[in-house]
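Subject: Structure handover

Dear colleague,

Here is the structure I promised to pass on to you, with the sequence alongside. Please open it before reading on, as the notes below are meant to be followed with the model in view.

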Amino acid sequence: MERNHYIHYTAADLLNDGPFLDSMQHPTEQSEDFWARLEKEDSDFAKELHMARCFLKVVAVSPQKQMTDDEVGILWERISYQVAVEKKARREKKRLIFLRVASIAACISMLVLSSYFVFSLIAFYEESSFYSLTSISQPDHNDDIQLVLSKGQKVVMDGKESKLHYKKGGKIAIDSGTAQADEEGGTGYNQLIVPSGKRSFITFSDGTRIAVNANTRVVYPTEFAAHRREIYVNGEVYLQVSPDKTRPFIVKTNRMEVEVLGTKFNVSAYDSAEEQSVVLVSGKVKVDTHKHPEKVLNPNDMLTYDDQGNELRINTVDVSEYISWVEGYYCFEREKIEVIIEKLSQYYGKHITADSGLIGLTCSGKLDLREDLWDVLEMLSKTIPAKVEIRENHFLLTK
């Protein structure tokens, strides 16, 4: 298999390609490595590959039972409704995901459809439509927290923290700094963009609460669907999910999916980081990386997934060290200085380095993330000890 042959393939192209289908049915270490490398090289192809794999999962579990005329009508009505919602939410998009799904379905026209497959196809379409939103470009750089509503309006929130409370019907109550307002959310998907050095908090209409860390983007529907609750995260969030056995809560990142029924957990999934992690505080979660068997976590478990090395590990940790940012501080115990400055760099969006004489040193303490970066580094330097210098466009800790 040659890279250039596949890099511009759509999901429909993949599902009509013999070598691809064979590699999915009979995966080898070589074929898995081939698709993994293509995913890393091209984010657009990675989305197409994800869609194709999801569709194959749907087909694989579909029982062979003929679809009735009534079920055909239900399928058409449901898909037509989804297309109408998609058009209303994103008129500027030239190509609807529905067209891709239709072409994919055509590729397997020999399949005997069943009622189970009908509704699996609907769920797949909804997932694909949602997944496509992850490619929405972020708004122009802004030092303030931004909420981009489903119709494209932008709400800019001042201050270092903001709070959003969703009410039934999609209406949003916003509390940010000195500003308080009510916004009509409409239907579709919203985006919350939190820049460096700031945090935000969302309470959804079902009671689920999410803390959103700095340099994080969250995409979510104005109102959750009747059969599942789903959000997309690029960055770090802490969730307290309201239990609902009929509607599992799913957190999607560009590399994994975390499914829960009701629990408290932290997800760190920055696109720029080599590793993504899930830390479970209470309850249970199921994590699917699409490349490893699904893992079920217990309280105090931390799952770390390295996409480049295709490595997955689970360790027992002190969860307080991973969720203290929710309260506005960074807590660490015998942590290496290079790990500390990496986390501060991520939070504040500034380049921070330490000279070679400090690498490997460990320290313990607590840093107030509500302070300016210079003050935080000054506090850190006193525990090492070290001094803080500004070198051109970055901060340097020296012995």
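What follows is an account of what was found, from the whole chain down to single residues.

Please keep in mind throughout that this is a predicted model. The protein has 399 residues, of which 50% count as buried, and its secondary structure comes to 11 helices and 23 strands. The area that the protein exposes is about 19,700 Å², with carbon and sulfur atoms supplying 49% of it. If one takes the contacts between residues at least 6 apart in sequence, 53% of them join residues that are at least 24 apart.

One part that I would ask you to look at is an open sheet of 3 strands, in which the order is S20-S23-S22 and the pairing is mixed. Its edge strands are S20 (351-354) and S22, each of which pairs on one side only. On average, and with direction ignored, neighbouring strands of this sheet are turned by 25° against each other. Strand S20 and strand S23 (residues 394-398) run parallel and are joined by 4 bridges; as for single residues, Ala354 has Leu397 in S23 as its bridge partner.

Two helices belong to this picture. Helix H10 (residues 337-348) lies across S20 and S23, and it runs at about 170° to S20. Helix H11 packs on the sheet as well, where it touches S20, S22 and S23, and its direction makes about 140° with that of S22.

Within strand S23 you will find His394, and one may ask whether this residue is buried or exposed. His394 counts as buried because its relative accessible area is 18%, which falls under the 20% cut-off. The side chain of His394 makes a polar contact with the side chain of Thr353, at 3.5 Å. Leaving aside residues up to four places away in sequence, His394 touches His351, Thr353 and Glu389.

The backbone has a few places that deserve a second look. Most residues other than glycine have a negative phi, and most peptide bonds are trans. Against that background, the peptide bond that joins Ile384 and Pro385 is cis, with omega at about -5°. Pro385 is found in the loop between helix H11 (373-383) and strand S22 (387-391), two of the elements described above for the sheet.

There are also two residues other than glycine with a positive phi: for His290 the value is near 70°, and for Arg334 the value is near 50°. His290 lies in the loop between strand S15 (285-288) and strand S16 (295-297), whereas Arg334 lies in a strand, namely S19 (residues 329-336). His290 has a relative accessible area of 28% and is therefore partly exposed, while Arg334, at 62%, is exposed.

Finally, a residue from another strand: Val148 is found in strand S1 (residues 145-148). Val148 counts as buried because its relative accessibility is 11%. The C-alpha atoms of Val148 and Ile193 are separated by 8.0 Å, although the two residues are 45 residues apart along the chain.

With best wishes

Technical notes. Residues numbered from 1 in each chain as written. Predicted model: local features only at pLDDT ≥ 70, side-chain atom pairs only at ≥ 80, totals over all residues. Heavy atoms only, no water. Buried < 20%, exposed > 50% of the residue type's maximum accessible area, 1.4 Å probe, protein only. Contact = heavy atoms within 4.5 Å. Areas by Shrake-Rupley, 256 points an atom, 1.4 Å probe, with all protein chains shown as cover. Pairing = 2+ DSSP bridges. Axes fitted to C-alpha atoms, helices over the stretch in contact; angles between N-to-C directions. Polar contact = N/O pair within 3.5 Å; in protein donor to acceptor, adjacent residues only side chain to side chain.
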